[in-house]
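Q: Please take a close look at a single part of this model, and then follow the helices around it.

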Amino acid sequence: MTDSPISTSSARAAANTVPEHIRRTLKLAWPVILSRVGMIGFLTIDVIVLGRAGAEELARYILGLSLSDSLMASMAGLMAGVTVLTARETGAGNDGASGTILRRGIVFGVLIGLVTALVLQWAEPMYRGLGQTPALATSAAPVTAMVAWALPFWAITFACTMFLEAIHRPLIGTYAVALANVVNLGLNIVLVFGLGPFPAMGAVGTAFSTVLVGAGMAIGLMLYLYRLLPERETLGLTGPGSQAPGVGEQTRIGLFTGLSYLLEASSFVATTLMVGWLGTLALATFGISFQILGLGFMVAFGLAAATQVRVGNAWGRKDPRGMALAGWTGLGLAMGFCLLVSLLALFIPDTLLRIFSNDMVVIAAASGILFWVGLALTFDGMQTVMNHACRGRGDTVVPTALHFCSYWLIMVPMVWLLAIYVGQGVPGVFQGILIASIFSTVVLTLRFRSLARRV
């Protein structure tokens, strides 16, 4: 489940080499990467299908998803305590504590998800208060209200997939996400365009598909963990278990990480709302351009999740060299991959954009900004690895504070300045993201460098 026990200093030194860390990180990361890409794959499928339904339906969905999307990201952060503490306790040999950690995470996430879903039923006045036109607010609100009911289910899904990653069984989550994407595609086609007894629902149909798929994933993963996982008794899922860390520590890690994710995601909500001031074409252009950044980012996010687990394992066995190499290996891998995606976006922009839309006006507008998208992706991918590396070491307050500075004190003002005030439009949005991501990468790298020097 975890890294093989290392009982001698010579064995530990042999394992703490760069090639060995690359091998182990990639072994854990590739299924996590597929899972994370699959997570954003739901949105990608939604955009591809709605891109065929017209720019207005696509713009309606992009705006309608903005509020719930930030809260969904915070759900993933709230479950971070499951990953960090399970990795640490299994790294220290206390496997039986894992079941208690998972149960706490599920209960916590479902409660938060239900409360936020109820609040989002009043989305229309929220959009009006945030400066959207009455027509856009009325159009987007039903999408937000529908997709909000997916939040409790996604909380369970995040808790279960992160638990499986922490015990080094990430492939189960990958299979679940892959199957769910296939189901989501079929449901989208039926519910967006209508088929047989089902009426055409447009963007609301896509939101309804998200709820159904989220419920299916949550139920399926719970059944696997509590009925089929071979180690379920050893891990304390069905057996008596062992002493777990205090609920306060898990809550603290989850709340600060959830707040950090919320700060980052809500800054992108503010960005989307500003793009909404520029009109329907700008929203559609931003929507398909952001898909390229988002897909590349999810690969980096998968590497970051693997890095967090490996840093947590090394922390549990009190191995500072292992922590350092795990963090730097993840950073180097993420940087290399993001640069590769950036080059593809630079040299074959139209090929990539045609995946998401057949509207030539939207494609022409988006192809001119992919240079900035690629640069923003590279630094955004690097900063998320360093963020997770710090959290794998148990650091929560400082990364959260740094995220607030990066996204709300730097990114949001820069997006307004460049896109709205200076008048650069959508290119200015990605320039603002780039500036914030460079700052975040630098400060989080320095923070991890300091943490890795001490157990």
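Q: Where is Leu343 found, and which surface patch does Leu343 help to make?

A: Leu343 is found in helix α13; helices here are DSSP runs of H or I with at least four residues, numbered from the N terminus. This is a predicted model, in which local features need pLDDT of at least 70 and side-chain atom pairs count only at pLDDT 80 or more, while totals for chains, interfaces and linings use all residues. Residues are numbered from 1 along each chain as its sequence is written, and side-chain values use heavy atoms, without hydrogens and water.

Together with Leu340, Leu344, Leu346, Phe347, Ile348, Phe371 and Leu375, Leu343 makes a nonpolar surface patch of about 740 Å². Such a patch joins nonpolar side chains (Val, Leu, Ile, Met, Phe, Trp, Tyr) within 5 Å, from residues with over 30% relative accessible area and no salt bridge; areas come from the Shrake-Rupley method with a 1.4 Å probe, and for residues only the protein chains shown count as cover. A salt bridge is a side-chain nitrogen of Lys or Arg within 4 Å of a carboxyl oxygen of Asp or Glu. Helix α13 (320-347) and α16 each supply at least two residues of the patch, and α13 gives the most, with 5 residues.

Helix α16 (residues 370-392) also packs with α17 (residues 397-421), at an angle of about 160° and with the axes 10 Å apart. Axes are lines fitted to C-alpha atoms over the stretch in contact, and angles run from 0 to 180 degrees between N-to-C directions. The two helices are therefore roughly antiparallel, a term for angles over 145 degrees.

How values were computed. Angles under 35 degrees count as roughly parallel, over 145 as roughly antiparallel, 65 to 115 as roughly perpendicular and the rest as oblique. Patches are made of residues with over 30% relative accessible area and no salt bridge: like charges are joined within 9 Å, nonpolar side chains (Val, Leu, Ile, Met, Phe, Trp, Tyr) within 5 Å.
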